[in-house]
Structure formats: structure tokens, C-alpha cells
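Here's a quick look at how some rings, charges and helices sit against one another. Have the structure open while you read.

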Amino acid sequence: MENNREVKKKFKQFMERGEPPLNYEKFLLKNDESKKRVIAILQGKIVPPFELEIQPSSSCNLACKHCFGRDYNLLPNKMGKNEFNKLAERINEFEENGFKIEIVKFCGTTGEPLVNPHTPYALNLFKSIGKEVVVFTNGLNLDKRIENSNIRYYEPIARIRRINLSLDAGSEETFYNLKGRHGFERIIKSLEEIAKIRDNEKTKVDIRVSYVIGEVNCKDVVEATKRVKNAGANEIIFRVDFTNEERINENSNVIIENIKRAKEYQDNFFKVPSVYSNEEISGKDCGFNSNGIKCFNQKFWACVGPDCNLYACGHRTYAGVKSFGNLLENSFRDLWLNNDRKYMLETLPDEACKNCSPSSKRRNDFMTFLSSIDTEKSEELIMENED
């Protein structure tokens, strides 16, 4: 057992780690409700996931070279309007110990959410029942028209809580070389349209652009920053492609310098955070690797796959990985309390967790620390922490 001073020091280090919005540990304690959730989890109470990911499609319209999902077998696609309606009912009714699912995030491990033509309908549906709605997209279908309508996909997206656009390029040429299709300028135009709706209607949508730096797109970092800032984005977030760790280490000096130059475009309205520190980019083992840390992340996060089954997290949502069961046929509570999930709570991470996300790793590390100290002390640290 560490002494009181060492415990406080380590807790403070967790709270100071990462620049917003990448301060994942501090985000877990962002307000009194969040703090109570963490304490309830540490006490072993039944707590619904804070964030639920929905993957509307296992199919993608791009072939990104850095995508770890490209090697996975695909789940069947079963989500239409009727299925979304049933899922919304199941998700909305699950409340336990004063907690409920707060965020519904549309994303994909092997697929692109906007490949499913019913995703715009689902965005409006979950917004209408009071959920904070987020979409992760490669942006290629943003300018597509909704079926039997003149409304573009980007219009309902401009009215949700957040869009996270995976751009990964600063030019049409690099976009094509990295992803196998043209579309860069179209995507930038869609970003501009979303920003216009945000500004005209005061929708407050957070426009985030993500950029995975690899050998192909390293030279575009600064140009991409300029383009998305001019398009009206709130931030561009950089991480590096650790699916090719050796090449990243070889190019680390160039990557670090380009991120430094990109940060010169930061101001009060536009941020340029990096997921990894310079030391991590130059070193090793800071990519997708669970490192055997106990998985607490599955208590904050869960995922509904394109087959409408419930999975432990989005990075385990592919064919061959065991789910908790089908959410169309069972209540969320029944699946959340069933024996398959109880078993996973004790055994994860396992061999299917090789692509654990940086945010998940850090949450797991933080929660492992909190669970290792005296219960009263952990609760004291949590509640006394400034939001």
C-alpha cells in the first residue's frame, strides 16, 4: 500500500495527463454525476454504460491503409428503421441506481456508419429521446441525399452534439494514395456546410477532425491543419499509425516537427491536440496494446454491432468475437447482467483485445489505480477533485 502522499501525487498526475479533449482521466470526473458513477462502479453496483456505440454497418466505402479493421471478418448487417426503433426503446428504458446511458455514438470497426442509408434517421431518433449523439465518419457520404429527400446527410449531423471526421490527408492526391478513392475536396466542402449551419443556427455541434499520421500522409500534417481550420472545424486531433510501428519510429523526428508546426495554428477557437507525447512517438509500445491491464472500460462503454448484438466494446465488434446476446430479443438490463458479461468482466482483456484504443488503455490504468487504494480514500480523492 502506498502512503497517502504518494497516492495523492499519482492521482494528480492522472488529472494532469493529456490536453483537452484528450484528458480522458479528468473527463471521467467531469461533474458530480460522473464522479458518482465512478464511485458506484468501484463499489460493484450495477451501472449502465455511460457511452453506447452503435455500428450501423460492417461495410466501408474506403480502403484506408492504416485501418486495423481491414483484417477482421465482417458481421452481418441487420439495422434498418425498425431495428433502430427497437434499439432506441431498449436503450432508453435501461436505468439503474440513478444512472442511464448518456451518449449514443455511431461508429465502426470494419464499417462506415453513413454507408447505412438509415443512419441519418437514427441520429434524429436518438436525439429526440434526449441522448447526446455523436457520429464518427470518414466523410465520403456527408453530401449524399437522404432517400426520397433533398436533405443532405450533413444537415442532421450539423444539429447533433459532435461529429468526428477521419480525414488523414491534406490534399486530394494523398487522400487517394491512402484511402483508394478520391473525395478530399468534397469532404472539405461538407465540413464547410456543417460549419455554416452551426454558425447560422447556433447548433453548437463540435466539429472534430482526426488525423492518423503515417508514412504516406506525414508531409500533409500542416496543410491539413490549415484546410480544416479554414473550413470551420473546432479542432484537429493527431495520433500516429502504430499498425506500422517500425516506420513511425523511423519517421518520428519528422512527425514531431510537423505536429509542432501544426500547433502554431491554434487559437481560442481552434485546437490542435496530439494523442501521444513526443516521447511516446519516439518510443515504443504506445499504440494499440492492452498490456494485460484489467478492463474497466467495459463498465463505461458498450457496443451494438451491425448484427444488433451487444458487445463489450467497439474494438471487439467483428465476426468471431462472442457477444452478450441480441438486443432486439432481450432487454438491455438482461444482457448487461447475464453470465457471459459477468465472465468477461473478470477475464478481459483477452486475445481479441490486441487493438485496445489509447483512451481505453488510459481509463483502465486510472481505474486500476483507484481500485487498488482504500475505498474511502479513493472516494475522497474523487469527490474533492475540481471539475
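What follows covers aromatic pairs first, then charges over rings, then helix packing.

## Aromatic pairs

Keep in mind that this is a predicted model. Searching the whole structure turns up 12 aromatic pairs. Take F14 and F369: their ring centres are 5.3 Å apart and the planes meet at 35°, so this pair counts as tilted. To be called stacked, the planes would have to be under 30 degrees apart. F14 belongs to helix α1 (residues 4–15) and F369 to helix α15 (residues 358–372), so the pair ties together parts that are 355 residues apart in sequence.

Are these two rings buried or exposed? F14 has 9% relative accessibility, so it counts as buried. F369 is buried too, with a relative accessible area of 6%. Both also belong to a cluster: ring pairs link F11, F14, F366 and F369.

## A pair within one helix

F332 and W336 make another tilted pair, since their ring centres are 5.9 Å apart and their planes sit at 55°. This one is local: both residues lie in helix α13 (residues 332–336), four residues apart, or about one turn of the helix. F332 and W336 are both buried.

## Charges over rings

W336 has a charged partner as well. The charged end of R341 sits over the W336 ring, 3.4 Å from its centre.

K81 does something along those lines with Y121, lying over the face of that ring at 5.1 Å from the ring centre.

## Helices against α16

How do α3 and α16 pack? Helix α3 (residues 32–42) and helix α16 (residues 375–384) have their axes 9 Å apart, at an angle of about 165°. Anything over 145 degrees counts as roughly antiparallel, and α3 and α16 are therefore roughly antiparallel to each other. The crossing of α3 past α16 is right-handed. On the α3 side, the contact is made by D32, K35, V38, I39 and L42, and on the α16 side by S378, E379, I382 and M383.

Helix α1, home of F14, meets α16 as well. The axes of α1 and α16 come within 12 Å and cross at roughly 40°, and the two helices are therefore oblique to each other. Again the crossing is right-handed, with α1 passing α16. From α1, the residues N4, V7, K8 and F11 meet K377, L381 and I382 of α16. Two of these names have come up already: F11 is part of the ring cluster, and I382 is in the contact with α3.

Methods:
Residues numbered from 1 in each chain as written. Predicted model: local features only at pLDDT ≥ 70, side-chain atom pairs only at ≥ 80, totals over all residues. Heavy atoms only, no water. Phe/Tyr/Trp six-rings, centres within 6.5 Å; stacked < 30°, edge-to-face > 60°. Buried < 20%, exposed > 50% of the residue type's maximum accessible area, 1.4 Å probe, protein only. Lys NZ or Arg CZ within 6 Å of the ring centre and 35° of its normal. Axes fitted to C-alpha atoms, helices over the stretch in contact; angles between N-to-C directions. Parallel < 35°, antiparallel > 145°, perpendicular 65-115°, else oblique. Left-handed = near helix turned anticlockwise from the far one by under 90°. Contact = heavy atoms within 4.5 Å.
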